[in-house]
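Please look over the chain shown below. A short report on its fold, core and cysteines comes with it.

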Amino acid sequence: MDKNVISVETVEEKKDESTGLIYRKRIAICQNVVPEILRKVSILKVPDIQLEEESWLSLQKRNMAIRSHCLTWTQYASLREESVFRESVENPNWTEFIQRGRISITGAGFLNCILETFASAFLRQGAQKGIRIMEMLLKEQCGSPLVE
């Protein structure tokens with residue numbers, strides 16, 4: 001549901017019959033969204049970026065955890081993101097969303113700081129986009145009105 005995602009392939013999926021936990025591992029190919037000015041650096045001049053995403057969905061506990069990381073530029077950068085969707089303790093009809101991201105860039109000299117700043121802004125925008133997409137999916141599937 002993101003215009004920058006070119007393709008997504010599920011490479012592993014399994015369900016633990018005793019707990020009902022559904023595990024999925026997916027590889028996403030995304031357009032390179034690094035600004036053109038930064039792509040002057042040869043390592044950043046790639047057409048696509050690969051991400052690996054693992055998710056654990058428990059319908060019984062009504063929660064989902066997602067962990068993703070970038071497979072492109074692993075020798076220079078570590079970009080990791082963890083998200084949790086769970087039932088709110090305040091109201092079981094609400095969903096709590098918790099997200100953490102970790103960025104570390106090495107080997108790019110003076111560009112380390114610039115690239116980390118860009119990656120941080122990108123992850124923040126991705127979190128906001130993820131919330132909008134999840135709210136839309138919940139509304140479509142559950143028919144619940146959104147609280148504005």
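The report covers secondary structure, burial and surface, the nonpolar core, and the cysteines.

## Model and secondary structure

This is a predicted model. The chain contains six strands and one helix. Along the sequence the order is β-β-β-β-β-β-α, with the helix following the strands.

Of the contacts between residues at least 6 apart in sequence, 36% link residues at least 24 apart.

## Burial and surface

The chain has 148 residues, and 26% of them are buried. Its exposed area is about 10,300 Å², of which 54% comes from carbon and sulfur atoms.

## Nonpolar core

The largest nonpolar core is made up of nine residues. V34, L38, L44 and I49 belong to this core, together with C70, W73, A77, I105 and L115.

Setting aside neighbours within four places in sequence, V34 contacts R39, L44, W73 and F118. Of these partners, L44 and W73 are also listed in the core.

## Cysteines

How many disulfides does the model have? The count is zero. C30 takes part in no disulfide, and its nearest cysteine sulfur, on C70, lies 8.9 Å away. C70 is likewise in no disulfide, with the sulfur of C30 as the nearest one, 8.9 Å away. A pair counts as a disulfide when the two sulfur atoms are within 2.5 Å, so the 8.9 Å between C30 and C70 does not qualify.

Are these cysteines buried or exposed? C30 has 11% relative accessibility and therefore counts as buried. C70, at 8%, also counts as buried, and C70 is one of the nine core residues.

Technical notes. Residues are numbered from 1 along each chain as its sequence is written. This is a predicted model: local features need pLDDT of at least 70, side-chain atom pairs count only at pLDDT 80 or more; totals for chains, interfaces and linings use all residues. Side-chain values use heavy atoms; hydrogens and water are left out. A nonpolar core is a set of buried Ala, Val, Leu, Ile, Met, Phe, Trp, Tyr and Cys residues joined through side-chain atoms within 4.5 Å. Buried means under 20% relative accessible area, exposed over 50%, partly exposed in between (1.4 Å probe, protein chains only). Contact means heavy atoms within 4.5 Å. Helices (H or I, at least four residues) and strands (E, at least two) are DSSP runs, numbered from the N terminus. Accessible areas come from the Shrake-Rupley method with a 1.4 Å probe; for residues, only the protein chains shown count as cover.
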